[in-house]
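Colleague: I should like to go through this model with you, beginning with how far its coordinates can be trusted. Please state the cut-offs as you proceed.

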Amino acid sequence: MKFLIPTFLLFFAISWVSCQKDGEEISTEEENLALDPINRDSISFTLNEKNYSSKEMDGFGFANKQTNIKPYADPMSARVPAYITGGHWWYGEKDSLLFEQTFSFKSSEFTNITIGVSQKYASADLIKKDNLLVPYKNDTTFLVGPKDFATDNNLENKTHGVSLELNPILTTERLTTSIPALSILVRSQLDNHLQDDSYFHIINIDTLTNDALRVEARFEVNVYAEDGTAYRIKDGFVRFKTKLKQLDVK
C-alpha cells in the first residue's frame with residue numbers, strides 16, 4: 001500500500017534560483033552570506049559513526065496540513081478530508097492548521113536530507129498567499145530554545161515541530177524522526193514517545209535586512225527505518241535562512 005498523501009496538503013518545493021520573480025535581485029547581504037562558509041546554509045551530523053555534511057541547500061517548501069486528524073464514518077459537508085482510506089473519511093480540527101516550512105540539502109550520499117518545522121495556528125491567524133494559508137502576524141515557528149518533534153508527521157498530526165527525513169543512497173532506506181508508516185493504517189508499533197531522549201535546540205536567530213531569519217540549531221535524534229529499526233544521529237548542526245518573503249508575507 002502506498003502512503004496516501006493528504007488531499008489538503010498544499011506543498012511546493014522550489015529551488016532558490018527558480019523561485020525568484022522576474023527582475024527580483026538577491027540582496028548583497030544574502031549574496032555575501034551565501035559565499036561566506038561560516039554563515040551559509042549547512043547541515044552536519046554523525047550517523048553510524050560516520051560524519052556527513054552539506055553546505056548547499058537544494059530547495060525549500062511550504063505546506064498546510066490538517067491537525068489532530070481523526071476517522072469518521074461519513075463525509076462532512078463542506079470539508080475536505082485529509083485522507084480517505086480504511087472505509088473512513090479522516091478530518092482534522094475545523095478551526096486550526098499546521099503551517100510547515102521545509103529545507104532540503106544537497107548530498108552525494110543521500111537522495112534527500114530534509115528538515116521540516118511546523119507550527120499550529122488558528123485558521124483566523126492565517127492569510128491566503130499563493131494557494132497557501134500563512135501567518136500574517138508574527139511567525140512563532142522559530143524562537144531560541146528547544147523545539148518539540150512532529151512525531152506523527154503526515155499521520156494524525158497531533159504533534160508539531162521538527163521532523164527530519166534522510167534517504168541514504170547505499171541502503172535506499174527512508175529514515176525519519178517521525179513514526180514510520182506506509183499509510184495512516186499500515187504503520188509500526190512506535191508511538192509519539194519515540195523522541196523522548198532526543199533534542200532539537202535553536203541556539204541562535206539573526207534577523208537579516210530583508211526580514212528573513214538566519215536560524216542555527218543543534219540536535220541529537222533517533223531516526224527509524226520503515227521496519228522500525230532505530231539509528232542515532234549525533235553532533236547535529238543546521239543553519240538555514242527562512243524564505244517567507246518568497247510568499248510576499250509582510
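Colleague: Over which residues does pLDDT stay under 50?

Modeller: The model is predicted, so local features need pLDDT of at least 70 and side-chain atom pairs count only at pLDDT 80 or more, while totals for chains, interfaces and linings use all residues. Residues are numbered from 1 along each chain as its sequence is written, and side-chain values use heavy atoms, with hydrogens and water left out. For the segment in question, the model has 64 contacts (heavy atoms within 4.5 Å) beyond four places in sequence. The stretch where pLDDT (the predictor's confidence in each residue, from 0 to 100) stays under 50 is residues 1-26.

Colleague: Which strand has the lowest confidence in the protein chain?

Modeller: Where pLDDT is low, the predicted coordinates should not be read in detail. The chain averages a pLDDT of 86, and 83% of its residues score at least 70. Strands here are DSSP runs of E with at least two residues, and helices are runs of H or I with at least four, numbered from the N terminus. Confidence is highest in β12 (residues 145-146), at 98, and lowest, at a mean of 36, in residues 10-14, strand β1.

Colleague: How many strands are there in the protein chain?

Modeller: Among contacts between residues at least 6 apart in sequence, 64% join residues at least 24 apart. The chain contains 1 helix, and its strands number 17.

Colleague: What is the bridge partner of T46 in β17?

Modeller: Two strands pair if DSSP finds at least two bridges between them. Strand β2 (residues 42-47) pairs in the antiparallel sense with β3 (residues 50-54) over 5 bridges, and F45 has Y52 as its bridge partner in β3. β2 also pairs with β17 (residues 230-241), again antiparallel and over 5 bridges. Within β17, T46 is bridged to K234.

Colleague: Which residue takes a positive phi near 95° in the hairpin of β16 and β17?

Modeller: β16 and β17 pair in the antiparallel sense over 10 bridges, and R214 is bridged to K241 in β17. Their hairpin has 5 residues between the strands, and the residue with that phi is G228.

Colleague: Which strand gives the largest share of the largest nonpolar core?

Modeller: A nonpolar core is a set of buried Ala, Val, Leu, Ile, Met, Phe, Trp, Tyr and Cys residues joined through side-chain atoms within 4.5 Å; buried means under 20% relative accessible area, exposed over 50% and partly exposed in between, with a 1.4 Å probe and protein chains only. The largest core has 39 residues, and F45, L166, F200, F219, I233 and V238 touch the most other members. The largest share of this core is 6 residues, from residues 213-224, strand β16.

Colleague: Is Q195 buried or exposed?

Modeller: Q195 is placed in the loop between β14 (175-176) and β15 (199-207). Beyond four places in sequence, it touches F149, T151, T177, V221, N222 and Y224, and a polar atom of its side chain lies 3.0 Å from the backbone oxygen of T177. Because its relative accessibility is 4%, Q195 counts as buried.

Colleague: How far apart in space are N112 and N167, C-alpha to C-alpha?

Modeller: N112 lies in strand β9 (residues 110-122). Not counting residues up to four places away in sequence, N112 touches S104, E165, L166 and N167. Although N112 and N167 are 55 residues apart in sequence, their C-alpha separation is 5.1 Å.

Technical notes. Polar contact = N/O pair within 3.5 Å; in protein donor to acceptor, adjacent residues only side chain to side chain.
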